[in-house]
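Please open the model in a viewer and keep the selection panel at hand. The tour goes from a sheet to the helices beside it and ends at a pocket.

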Amino acid sequence: TFMQKHVDCWDGRSWSWYGDGGFAVFHGEDAAPMSVLSMASIVNYLPVFNMTQNELRPENDVRLRIGMHYGTCVYQQDVNKITSPDMKITGDVEKYAAEPNSVALTDALHRLLPDEVRKRFELSTEYNGSRVYKYYP
């Protein structure tokens with residue numbers, strides 16, 4: 001899938017995809033910028049995808065809400081069984097703070113980004129005591 005290609009390109013791993021959502025995981029010293037660049041590349045590519053690969057009716061463009069957070073979890077062989085409080089925060093940011101065709105991320109991730117990446121995000125709202133920053137292509 002086009003999303004898998006964008007995750008792989010930035011050295012991420014897709015752990016689970018279900019319905020219209022899923023988790024991509026990045027680790028290592030460059031995990032923060034690589035994860036954000038991966039998700040930004042996905043929302044930036046959406047118009048091209050909708051023009052060339054979207055098999056839905058023309059009026060039904062694919063639109064994505066992407067929520068991101070920096071945190072931890074304990075790895076299990078069956079990645080569909082992995083859960084953690086940080087993964088719940090990620091899902092909540094997507095559900096409650098992200099808008100269609102945007103990337104929303106918590107302050108925990110935003111502060112780890114290089115200045116060149118961080119400046120592309122605008123302070124948007126607060127969720128559960130954390131500032132949320134958004135990127136729109």
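Two strands are taken to pair if DSSP finds at least two bridges between them. The model on display is predicted.

**The sheet.** Select the four strands that form an open sheet in the order S3-S4-S6-S5, where the pairing is mixed. Its edges are strand S3 (65-68) and strand S5 (122-127), each of which pairs on one side only. With direction ignored, neighbouring strands of this sheet are turned by 25° against each other on average.

**Strands S3 and S4.** Next, select S3 together with strand S4 (residues 102-106); they pair in the parallel sense over four bridges. Within this pair, arginine 65 stands opposite serine 102 in S4.

**The helices on the sheet.** Now add helix H2 (residues 31-52), which packs on the sheet and touches S3, S4 and strand S6 (130-135). The direction of H2 makes about 175° with that of S3. Then add helix H3 (residues 85-96), another element that packs on the sheet; H3 touches S3, S4 and S5. Between the directions of H3 and S3 the angle is about 145°. Hide the rest and keep S3, H3 and S4: what is the handedness of the β-α-β unit that they make? The unit is left-handed.

**The largest pocket.** Finally, turn to the largest pocket, whose volume is about 1,500 Å³. To find its centre, select Gly22, Phe23, Ala24, Gly67 and Thr90, which lie nearest to that point among the 49 lining residues. Which elements each supply at least two residues of the lining? They are helix H1 (2-9), strand S1 (13-18), strand S2 (21-25), H2, S3 and H3. Of these, H3 gives the most to the lining, with six residues. Colour the lining by residue class to see 25 nonpolar, 17 polar and seven charged residues.

As a last view, show H3 alone with S3 and S4: this helix belongs to the left-handed unit and also contributes to the lining of the largest pocket.

Notes. Residues numbered from 1 in each chain as written. Predicted model: local features only at pLDDT ≥ 70, side-chain atom pairs only at ≥ 80, totals over all residues. Heavy atoms only, no water. Axes fitted to C-alpha atoms, helices over the stretch in contact; angles between N-to-C directions. Contact = heavy atoms within 4.5 Å. 1 Å grid on protein atoms, 1.4 Å probe; cavity = no way out; pocket = protein on both sides within 12 Å on 5 of 7 lines; lining within 4 Å. Points joined across faces, edges and corners; volume = space filled by probe spheres on them. Nonpolar A, V, L, I, M, F, W, Y, C, P; charged D, E, K, R; others polar. Right-handed = clockwise from strand over helix to strand, strands pointing away.
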